[in-house]
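Morning, everyone. Let me put the structure on the screen, and then we'll walk through it.

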Amino acid sequence: MPTFVYMTSCDGCGHCVDICPSDIMHIDTTYRRAYNIEPNMCWECYSCVKACPQNAIDCRGYADFAPLGHSVRVLREDQKGTISWKIKFRDGREKNFVSPIRTTPWGSIKAPSDYAAPSADAMKSQQLAHEPEALKVDKLPALRPDQLKQGIA
Amino acid sequence: MLTSNPFAGLSGSISPAIMQAYVIVMIALVVGGTLLDLVHKKSARYFFESWRSAKARATRQVGGGEMASLAVQTAVVDVMTSGEFCNARRRIAHLMTMYGFLAYLITTVIMVFVYPTSATATPGIVTALWYIGALLVCIGGYWFWFFIRVDVAAEGNSPFRLVRADLFVVSLIASVTLALIWAFFQSTGAAGWATAFLALYIVASTVLFGSVAWSKFAHMFYKPAAAFQKRVEEASGLRRNLPAPANSPATFGSARQLPQNY
């Protein structure tokens with residue numbers, strides 16, 4: 001279900017442009033509003049739909065799922081940590097779904113750029129940057145060297 | 001410099017009547033351009049059709065008192081504080097540009113029509129507001145142009161790339177910047193530079209007010225109407241087909257059904 005933008009609701013903030021992994025959400029050069037430049041290249045990840053603070057992005061459902069005349073609307077509520085989907089079919093039937101997005105407050109996860117750059121010595125470690133603290137464990141589970149040799153003649 | 005009226009200084013070489021006529025022509029161009037835009041884009045037709053459609057689908061009636069309250073909320077939140085913007089930087093830049101432009105525009109009209117010559121001293125507050133307004137437009141406008149525009153920040157385009165959506169903001173900041181430079185040379189007595197920048201100022205201002213039908217200038221008239229309509233729709237019980245808030249969903253999940261596609 002590729003996404004599209006209601007240009008009368010969009011305020012051109014660019015959240016969808018920033019988040020689109022396919023880089024197909026662009027800003028229109030005449031009206032400075034977002035639009036999907038290539039719906040058939042859409043991965044249907046719905047990142048733009050979920051990110052839009054104006055609820056200006058909708059999905060165009062496939063015919064076998066929701067025939068013409070339907071709407072698929074999304075409401076993200078940051079404070080409640082929920083995302084709600086409402087599918088309205090052309091015969092008037094509705095399906096509503098509510099899912100939790102996350103369990104921590106919105107904006108509380110540190111971005112990778114907020115961490116200090118690792119030192120050059122860190123390159124010698126087999127662990128990734130900021131492991132294991134960033135994973136909130138004391139130590140990563142790993143085999144000891146003597147365990148690696150077990151079973152080898 | 002903040003106390004000098006550049007238009008009074010200009011009255012020695014250009015008659016105040018010509019300046020006043022120019023301002024009237026610009027106002028007429030804005031009115032004409034907006035009307036042309038309304039007809040061409042069918043914005044008014046879309047607005048009234050949406051209004052009628054929303055009224056027909058409304059689940060509750062909005063009374064006169066509530067309508068007045070919504071109008072006040074629109075004026076205070078959406079218009080005076082640019083509440084539509086979700087990006088704080090963009091909102092601040094917009095507020096600076098908006099209030100700067102209003103101060104600059106109103107004081108220009110006052111100076112041209114009320115204090116067009118040096119014979120009547122211009123109050124310091126009027127001239128100061130003209131310069132402060134122009135500076136605010138420059139700060140907000142250049143901030144937006146170089147740092148906030150999405151197609152520059154996210155897509156890596158050149159900050160100097162020009163597209164039609166930029167017509168309004170570019171002609172606005174060009175006009176105001178040239179006005180400040182012209183006023184500076186006027187106050188220092190550099191007649192040659194002052195004349196050159198006056199000519200550029202007139203060209204930029206004519207483009208700004210004459211291109212309303214093609215630029216985003218008219219958004220200042222449409223936006224309040226659209227924001228008011230949105231508030232009335234919400235008060236009428238319409239949510240643009242959006243799901244109900246998660247704490248009281250109409251249906252929490254959907255009834256499990258056996259697949260019927262085999």
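First, a question to get us looking: in which loop of chain A is Asn55(A) found? Find helix 2, residues 47–51, and then strand 4, residues 57–59; Asn55(A) is in the loop between them.

Keep in mind that this is a predicted model. It scores ipTM 0.75 and pTM 0.80.

Back to Asn55(A). Its phi is near 50 degrees, which is a positive value in a residue other than glycine. For background, most residues other than glycine have a negative phi. How exposed is Asn55(A)? It is partly exposed, because 19 other C-beta atoms lie within 10 Å and the cut-off for buried is 20 or more.

Now zoom out to the whole of chain A. The secondary structure comes to 3 helices and 7 strands. Along the sequence the pattern reads β-α-β-β-α-β-β-β-β-α.

What about overall shape? The C-alpha trace of chain A spans about 70 × 35 × 35 Å along its principal axes. The radius of gyration is 22 Å, whereas a compact globule of 153 residues would come out near 15 Å. Buried residues make up 22% of the chain's 153 residues. On contacts: take those in chain A with a separation of 6 or more, and 42% of them join residues 24 or more positions apart.

The domain assignment splits chain A in two. Domain 1 covers 3–100, and domain 2 covers 112–148. Their centres, taken over C-alpha atoms, are 38 Å apart.

Next, the strands. Look at strand 6 of chain A, residues 82–88. On one side, strand 5, residues 71–77, joins strand 6 through 7 bridges, running antiparallel. Strand 7, residues 94–100, also runs antiparallel to strand 6, again with 7 bridges.

Which residue should you click on? Try Trp85(A) in strand 6. Val74(A) stands opposite Trp85(A). In strand 7, the bridge partner of Trp85(A) is Phe97(A). That one residue lets you trace across the three strands.

Both connections are hairpins. Strands 5 and 6 of chain A have 4 residues between them, and Gly81(A) in that hairpin takes a positive phi near 65 degrees. Strands 6 and 7 of chain A have 5 residues between them. There, Gly92(A) sits in the turn with a positive phi of about 100 degrees.

Now move on past strand 7, into the loop that runs to helix 3, residues 145–148 of chain A. Three residues there deserve a click.

Start with Pro105(A), which lies in that loop between strand 7 and helix 3. Buried or exposed? Pro105(A) is exposed, because it has 10 other C-beta atoms within 10 Å, and 12 or fewer counts as exposed. Its C-alpha atom is 8.7 Å from that of Lys80(A), and the two are 25 residues apart along the chain.

Next, His130(A), which lies in the loop between strand 7 and helix 3 as well. It is not a glycine, yet its phi is positive, at about 70 degrees. His130(A) is partly exposed, with 14 other C-beta atoms within 10 Å.

Then Pro132(A), also found in the loop between strand 7 and helix 3 of chain A. The peptide bond joining Glu131(A) and Pro132(A) is cis, with omega about 5 degrees. In general, most peptide bonds are trans.

Over to chain B. How confident is the predictor here? Chain B averages a pLDDT of 88, and 92% of its residues score at least 70. One stretch needs care: over residues 248–257 of chain B the pLDDT is below 50. That stretch still has 13 contacts in the model beyond near neighbours in sequence.

One residue to visit in chain B is Phe228(B). It is found in helix 10, residues 219–235. Phe228(B) is partly exposed, with 19 other C-beta atoms within 10 Å. Leaving out residues up to four places away in sequence, it touches Leu70(B), Ala71(B) and Thr74(B). Its C-alpha atom is 8.6 Å from that of Gln73(B), with the two positions 155 residues apart along the chain.

Last stop, the interface. How many residues of each chain are in contact? The count is 23 residues of chain B with 29 residues of chain A. On the chain B side, those residues divide into 13 nonpolar, 6 polar and 4 charged.

Conventions: Residues numbered from 1 in each chain as written. Chains lettered and ligands numbered in written order. Predicted model: local features only at pLDDT ≥ 70, side-chain atom pairs only at ≥ 80, totals over all residues. Pairing = 2+ DSSP bridges. Helix = DSSP H or I, 4+ residues; strand = E, 2+ residues; numbered from the N terminus. pLDDT = per-residue confidence, 0-100. Contact = placed C-beta atoms within 7 Å. Nonpolar A, V, L, I, M, F, W, Y, C, P; charged D, E, K, R; others polar. Rg over C-alpha atoms; globule rule 2.2 N^0.38 Å. Domains from an automatic or database assignment.
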